[in-house]
Amino acid sequence: MSPMTRERSPGGVPGDDVAAYYRRRAEGGTGLLITEGVAIDHPTAVDSPDVPRLTGEAAVAGWRRVVTEVHAAGGRIVPQLWHVGPLWGAMGDVDPNLKPMRPSGLWGRVGRTVYPDSYLDRALVPTAPMTENDIGEVIEAYVRAARTALDVGFDGIALHAGHGYLLDAFLWEPTNQRTDRWGGDAARRVAFPVEVVRAIRREIGPRPPIFYRFSQHKQQDFGARIADGPRELERILVPLRDAGVDVFDASARRFDQPAFDGSELTLAGWAKKLTGAVSMAVGSVGLSTALREAGTPEPVGLDGLLRRLDGNEFDLVAVGRLHLADPALARTVRAGGPLPVFDRAVHEARLY
């Protein structure tokens, strides 16, 4: 199951309903659950009071209950560690005295996005760039969260490093215009994410897997790119692999779209080809429309997905929205049953 923000953890504490939500997917035959984004222990990691945290006794106890329930149902689960970075404030009002973590104090280039103009007017005002002290504190916060996650009993770690959030903001040139060791060309812009991965790997040791979600598109601009071709993407992904990433979670608005001109390979396909690491495809699997795209999403067949899997283009598939429509999605697919119908208004209104 792909991570999906649910905002059902008041005060950042996942309750019994959250534990039941994840358990149902494990009972339904899904082998690995990647949680919704979980805020690391940093003041501006997330701006919604109902997004779960991984800090404080109550939140840790809540996650321990979630992990116990999923394991009892035969599943495995990893938390997606999250810092929203430049997008802090997008989900609601925030303390104006706190500084958002922006590599260069910039929100980024605005393209096709879902943010209202009222928010964009505020977000586009430059803020102070991250200092060396800021960078060090954030790395330490990621390490603390990873250590806590394993102590709770999670089966590995996932990092949200896509969609314009903090780790991704260092990779995207419009949000990273630094001239020090944390900025420059693609090979230099990856330095901060590499340090985060390396620090987590030192802390947790060699065995627990690290999943790393990356993307071309951003919340600020659905058409954005961190790499214009395979060579540039290689300069980003290979250092991350060497730092300790085990699985590249290639987030695309549509998983099956070619990543670059001149090849039919998808973003997940290029991740595997360039790094030799395990790669995972995600993005509108089994649905006719991408997330937040106009039109009603209709079920579509999985023949193209299975063809790419059989051809070893990528190794794993993550499914998001259809897991909201059918907790037993994995069992349904294995049995050859019809894909469920996704209704955004219904399936995002409650936990099921």
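Helices here are DSSP runs of H or I at least four residues long, numbered from the N terminus. With that in hand, one small detail makes a handy way in: just after helix 7, glycine 205 has a positive phi of about 85 degrees. The model is a predicted one.

Helix 7 itself covers residues 191-204. Its 14 residues, at 1.5 Å a residue, should span 20 Å, and the end C-alpha atoms are indeed 20 Å apart, so the expected and computed values agree. Plenty of this helix is tucked away: Phe192, Pro193, Val194, Val196, Val197, Ala199, Ile200, Arg201 and Ile204 are its buried residues. Their cover includes helix 4 (132-152), helix 5 (166-171), helix 6 (186-189) and helix 8 (230-243), along with strand 3 (157-160) and strand 4 (210-215).

Strand 4 is worth a look of its own. Six of its six residues are buried, and both faces are covered, with Ile210, Tyr212 and Phe214 on one side and Phe211, Arg213 and Ser215 on the other. On the strand 3 side, four bridges hold a parallel pairing, in which histidine 160 has arginine 213 as its bridge partner. Strand 4 also pairs with strand 5 (residues 247-251), again in the parallel sense, over five bridges; here serine 215 sits opposite serine 251. To get from strand 4 to strand 5 the chain goes through helix 8, making a right-handed β-α-β crossover.

Helix 8 has a helical partner too. Its axis comes within 9 Å of that of helix 9 (residues 267-275), at a crossing angle of roughly 65 degrees, and the crossing is right-handed. On the helix 8 side, Pro230, Leu233, Glu234, Leu237, Val238 and Arg241 make the contact, meeting Leu267, Trp270, Ala271, Leu274 and Thr275 of helix 9.

Zooming out, these strands belong to an open sheet of seven, in the order 1-2-3-4-5-6-7 and with parallel pairing. Strand 1 (32-39) and strand 7 (316-318) form the edges, each pairing on one side only. From one strand to the next the twist averages 25 degrees. At the strand 7 edge, three bridges link that strand in parallel to strand 6 (residues 278-282), and valine 282 is matched there with alanine 318.

Helices also pack on this sheet. Helix 1 (residues 16-27) touches strand 1 and strand 2 (76-82), its direction making about 155 degrees with that of strand 1. Helix 4, meanwhile, lies across strand 2 and strand 3, and runs at about 165 degrees to strand 2.

Methods. Residues numbered from 1 in each chain as written. Predicted model: local features only at pLDDT ≥ 70, side-chain atom pairs only at ≥ 80, totals over all residues. Heavy atoms only, no water. Helix = DSSP H or I, 4+ residues; strand = E, 2+ residues; numbered from the N terminus. Expected span 1.5 Å × (residues − 1). Buried < 20%, exposed > 50% of the residue type's maximum accessible area, 1.4 Å probe, protein only. Contact = heavy atoms within 4.5 Å. Pairing = 2+ DSSP bridges. Right-handed = clockwise from strand over helix to strand, strands pointing away. Axes fitted to C-alpha atoms, helices over the stretch in contact; angles between N-to-C directions. Left-handed = near helix turned anticlockwise from the far one by under 90°.
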